Amino acid sequence: MIHSINPFLPTQTLMPPSANPANILETIGDTPLVALQRISQAYSFEMFAKMESFNPGGSIKDRTAHTILSTALREGKIKKGDIIIESSSGNMAIGLAQACLFYGLQLIVVVDPKLNKHTAKILETYGATIETVSKPEKNGGFLKSRLNRVVELLKEYPNSYWTNQYENTLNPTTHHTTMSEIAEALQGEVAYVFVATSTCGTLMGCAEYIARNGLSTKIIAVDAIGSVLFAKDKKERLIPGHGAGVPSNFLELDSVHDVVHVSDEECIEGCWRLLKDEAILCGGSSGAIISAVEKYKMNIKKDSACALILCDRGERYLDTIYNEQWVKTHFPEMNLPHQSITI
């Protein structure tokens, strides 16, 4: 039971929000764990969604952004007025933009053409500067192009600091807290945790917490078909936010129980299933997790408790995943659901 666990909670990681937050950044974390009772009806096990969309910037990356920036400020690595630079497909950029505005920092975000218009508008409203790379690298795709541009910008701006979500160990460390919240909410009885991959910070942070606290929880990584994190066959993908074009600096394969690969079509199907069955509007990686559970269901023991980390809000995908015309254009064979389940 959870009361016998001695949580591994480093000083750098986020603390639970206070009852009366002093500022908006203190509301980061302690997100709700919601039972997916309607979707779970189709299975012999329970499903619980960790709703990271409840963070003020709308995603799990709020945790990472706040931890990295607050630590750098506390340690004197950056000061008010300095320039923060990061490569992002969207969520980390928004998390940094909100925190930078609060702390009086400037932000340059390097993105690629896959960045959706809604996210771009949010970033501009927060005052971030957007740098867009136009061509993918032959080896590494758009992610490699973004990282190359980050290096160039660091040379252009002497008073700049790279938060580097891809190598900064505070990324996985942050998610010791994420996993501890899940363990507490389920009284330590967590059989499986499904985690979408990208930098693998969330994945490995949860795995580290599980290992250091002797939990029996199995980590299931949810990766995109075409990502190079667990496979070598790279493929173009349309749904951003999970998977990667370059290997992760955090990933330790021995810490992952299993991996499920999900296609763009399956991401879309999972998103619409969440929306129609549970009235939950989430992003592409959340849909990937729903579809991953469906693909993995035969491996899950009866009456198990499964935690699903749903990383972000779906409003940023209204022009793509939730736009039926866009779906029909890019995936003409797909049939989207139009009816909710019978209650």
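Helices and strands here are DSSP runs, numbered from the N terminus, with at least four residues for a helix and at least two for a strand. With that convention, Ala-279 sits in the loop between helix H8, residues 264–278, and helix H9, residues 284–296. Before I go on: this is a predicted model, and everything I say refers to that model.

I'll stay with the loops for a moment. Ala-279 is not a glycine, yet its phi is positive, about 60°. The residue is exposed, because its relative accessible area is 65% and the cut-off for exposed is over 50%. There is a second residue to put beside it. Gln-187, again a residue other than glycine, has a positive phi near 55°. Its place is the loop between H6 and S7. Gln-187 has a relative accessible area of 32%, so it counts as partly exposed.

Next, the helix packing, starting with H2. Helix H2 covers residues 61–74 and helix H3 covers residues 91–103; their axes are 8 Å apart and the packing angle is about 40°. That angle is why H2 is described as oblique to H3. The crossing of H2 past H3 is right-handed. Which residues meet there? On the H2 side they include Lys-61, Asp-62, Ile-68, Leu-69 and Leu-73, and on the H3 side Met-92, Leu-96, Ala-99 and Tyr-103 are among them. By class, the residues of the contact of H2 with H3 are nine nonpolar, six polar and two charged.

H2 also packs on H6. The axes of H2 and H6 come within 9 Å and cross at roughly 125°. With that angle, H2 is oblique to H6. This crossing, too, is right-handed. In H2 the residues in contact are Arg-63, Thr-64, Thr-67, Ile-68 and Thr-71, and they meet Leu-170, Asn-171, Thr-174, His-175, Thr-177, Thr-178 and Glu-181 in H6. What is the make-up of that contact by class? The contact of H2 with H6 has two nonpolar, eight polar and two charged residues. Thr-64 and Ile-68 of H2 are listed in the contact with H3 and also in the contact with H6.

H6 brings me to the core. How many residues does the largest nonpolar core have? It has 32. Those with the most contacts inside the core are Met-179, Ile-182, Val-193, Leu-203, Met-204, Ile-219 and Ile-309. At least two residues each come from helix H5 (141–156), helix H6 (170–185), strand S7 (192–196), helix H7 (201–212), strand S8 (218–224) and strand S10 (305–310). Of the contributors, H7 gives the most, with six residues.

Last, helix H10, residues 324–330, where I have two positions to show. His-330 is found in this helix. The relative accessibility of His-330 is 36%, so this residue counts as partly exposed. His-330 and Leu-238 are 92 residues apart along the chain, and their C-alpha atoms are separated by 8.9 Å. Lys-328 lies in H10 as well. Its relative accessibility is 52%, and therefore Lys-328 counts as exposed. For Lys-328 the partner I looked at is Ile-108, 220 residues apart along the chain, with 35 Å between the two C-alpha atoms.

That is the tour: two loop residues, two helix contacts of H2, the core, and H10.

Notes:
Residues are numbered from 1 along each chain as its sequence is written. This is a predicted model: local features need pLDDT of at least 70, side-chain atom pairs count only at pLDDT 80 or more; totals for chains, interfaces and linings use all residues. Side-chain values use heavy atoms; hydrogens and water are left out. Axes are lines fitted to C-alpha atoms, for helices over the stretch in contact, and angles run from 0 to 180 degrees between N-to-C directions. Angles under 35 degrees count as roughly parallel, over 145 as roughly antiparallel, 65 to 115 as roughly perpendicular and the rest as oblique. A crossing is left-handed if the near helix is turned anticlockwise from the far one by less than a right angle, and right-handed if clockwise. Contact means heavy atoms within 4.5 Å. Ala, Val, Leu, Ile, Met, Phe, Trp, Tyr, Cys and Pro count as nonpolar, Asp, Glu, Lys and Arg as charged, and the others, Gly among them, as polar. A nonpolar core is a set of buried Ala, Val, Leu, Ile, Met, Phe, Trp, Tyr and Cys residues joined through side-chain atoms within 4.5 Å. Buried means under 20% relative accessible area, exposed over 50%, partly exposed in between (1.4 Å probe, protein chains only).
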